[in-house]
Amino acid sequence: SGGCGSTYIVQLLTLNSVPRCFHEKTPDLLEIGLNHYEQSISAGRLVRLLRYTRHDVFFEANNRLFSLSRQIAEAFPNSVFVHLHRHAADSVRSSMSKQSLEHDLKTNIRFQGSLAGSVVGNPFSRICHHWANMNRRIHEDLTMLQSAGRQVVSLRFKDLVSGKVDVVERLLGFPLANRTCPPVNVRPTRSSGKFPRYPEWSPQQRDTFESICGPVMGLLGQ
């Protein structure tokens, strides 16, 4: 997960005195994750890098690692995985509302990877591709890891913020005294205001969204 979701879960765990919790720990490995998504990097190199930079981590929320699930599993044999995902329409709306939209990585064609083909598109379609491609990659890798016996759970952001954290408690092995925490990561919106909610999107925007994000939403049970 990214943005408010990853910040929220780290704050929630920290509030519950869970040690060594990080949000996008430095170095966040964004460039490495992108490079590996576009063209696979040697597994051995990635495993060594992850062990060197993440040896002191108990929990990390970092969507920059979206393409590295298999290498994380190899680097840390006892690791477990939480796929925290926000509803696609809410995520797209949030990204389209950002003040820094023009410079956001989600509008950059590179972040779409090979699954976007030659389609450059406008910021809206790029953001849709970003959400779909990132979550598809995470889902595919975690499905493979789960079939190999690794612990993997899927957690919807709306369940997380409403206190439905049973799956997290099972992975941790203990209950959370605080099941919710105050909102986090509230960022300034564009001068034109927030992007409208899904029912107010144009027919073309809804068609674009459904064609790009719909299949992955189905995989995630959205």
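**Reasoning from values to terms**

Me: What makes the meeting of the Arg64 and Asp28 side chains a salt bridge?
Reply: In this predicted model, the N to O distance between the side chains of Arg64 and Asp28 is 3.7 Å. The cut-off for a nitrogen of Arg and a carboxyl oxygen of Asp is within 4 Å, so the pair qualifies as a salt bridge.

Me: What does the pair of Arg64 and Asp28 tie together?
Reply: Arg64 is in the loop between strand E2 (59-61) and helix H4 (69-75), while Asp28 is in the loop between strand E1 (21-23) and helix H2 (30-38). The salt bridge therefore ties together parts 36 residues apart in sequence.

Me: Why is Arg64 called partly exposed?
Reply: Its relative accessible area is 21%. Buried requires under 20% and exposed over 50%, so Arg64 falls in between. Asp28, with 26%, is partly exposed by the same reasoning.

Me: Which residues do salt bridges with shared partners join into one network?
Reply: Glu24, Asp28 and Arg64 are joined in this way. By the rule applied here, the count of salt bridges comes to nine.

Me: How do you know that Asp166 and Arg179 form a salt bridge?
Reply: Their closest N and O atoms are 3.3 Å apart, and this satisfies the limit of within 4 Å. Asp166 belongs to helix H8 (residues 166-172), and Arg179 to the loop between H8 and helix H9 (203-220), 13 residues apart. Both partners are partly exposed: Asp166 has a relative accessible area of 39%, and Arg179 has 30%.

Me: What makes the meeting of Arg179 and Glu169 a salt bridge?
Reply: The N to O distance is 2.7 Å, and the limit is within 4 Å, so the term applies. Glu169 lies in helix H8 and Arg179 in the loop between H8 and H9, so this pair ties together parts 10 residues apart in sequence.

Me: Is Glu169 counted as buried or exposed, and on what value?
Reply: Glu169 has a relative accessibility of 12%. That is under 20%, so Glu169 is buried.

Me: Why is Thr53 called buried?
Reply: Thr53, found in helix H3 (residues 43-54), has a relative accessible area of 7%. Buried means under 20%, so Thr53 meets the condition. Leaving aside residues up to four places away in sequence, Thr53 touches Lys25, Pro27 and Leu29.

Me: What makes the pair of side chains of Thr53 and Arg54 a polar contact?
Reply: The distance between them is 3.2 Å, and the limit for such a contact is within 3.5 Å. Residues adjacent in sequence count only if both atoms are side-chain atoms, and here the contact is from side chain to side chain.

Me: Why is Asn78 called exposed?
Reply: Asn78 lies in the loop between H4 and E3, and its relative accessible area is 75%. The threshold is over 50%, so Asn78 is exposed.

Me: How do you know that strand E3 is mostly covered?
Reply: Four of the five residues of E3 (residues 81-85) are buried.

Me: How do you know that E3 and E4 are paired strands?
Reply: Five bridges join E3 to strand E4 (residues 152-156). Pairing needs at least two bridges, so these strands are paired. They run parallel, and Leu84 has Leu155 of E4 as its bridge partner.

Me: What makes H5 oblique to H9?
Reply: Helix H5 (residues 88-97) and H9 pack at an angle of about 130 degrees, with axes 10 Å apart. Roughly perpendicular covers 65 to 115 degrees and roughly antiparallel means over 145, so the pair is oblique. Ala88, Ala89 and Val92 of H5 make the contact with Phe209, Cys213 and Met217 of H9.

Me: Why is H5 described as largely enclosed by the rest of the structure?
Reply: Eight of its 10 residues are buried, so the description follows. Among these buried residues are Ser91, Arg93 and Met96. Their cover includes helix H6 (123-147) and H9.

Me: How many helices and strands does the chain have?
Reply: There are nine helices and four strands. Of the 222 residues in the chain, 47% are buried.

Technical notes
Residues are numbered from 1 along each chain as its sequence is written. This is a predicted model: local features need pLDDT of at least 70, side-chain atom pairs count only at pLDDT 80 or more; totals for chains, interfaces and linings use all residues. Side-chain values use heavy atoms; hydrogens and water are left out. Buried means under 20% relative accessible area, exposed over 50%, partly exposed in between (1.4 Å probe, protein chains only). A polar contact is a pair of N or O atoms within 3.5 Å; within protein, one must be able to donate a hydrogen and the other to accept it, and residues adjacent in sequence count only if both atoms are side-chain atoms. Contact means heavy atoms within 4.5 Å. Axes are lines fitted to C-alpha atoms, for helices over the stretch in contact, and angles run from 0 to 180 degrees between N-to-C directions. Angles under 35 degrees count as roughly parallel, over 145 as roughly antiparallel, 65 to 115 as roughly perpendicular and the rest as oblique.
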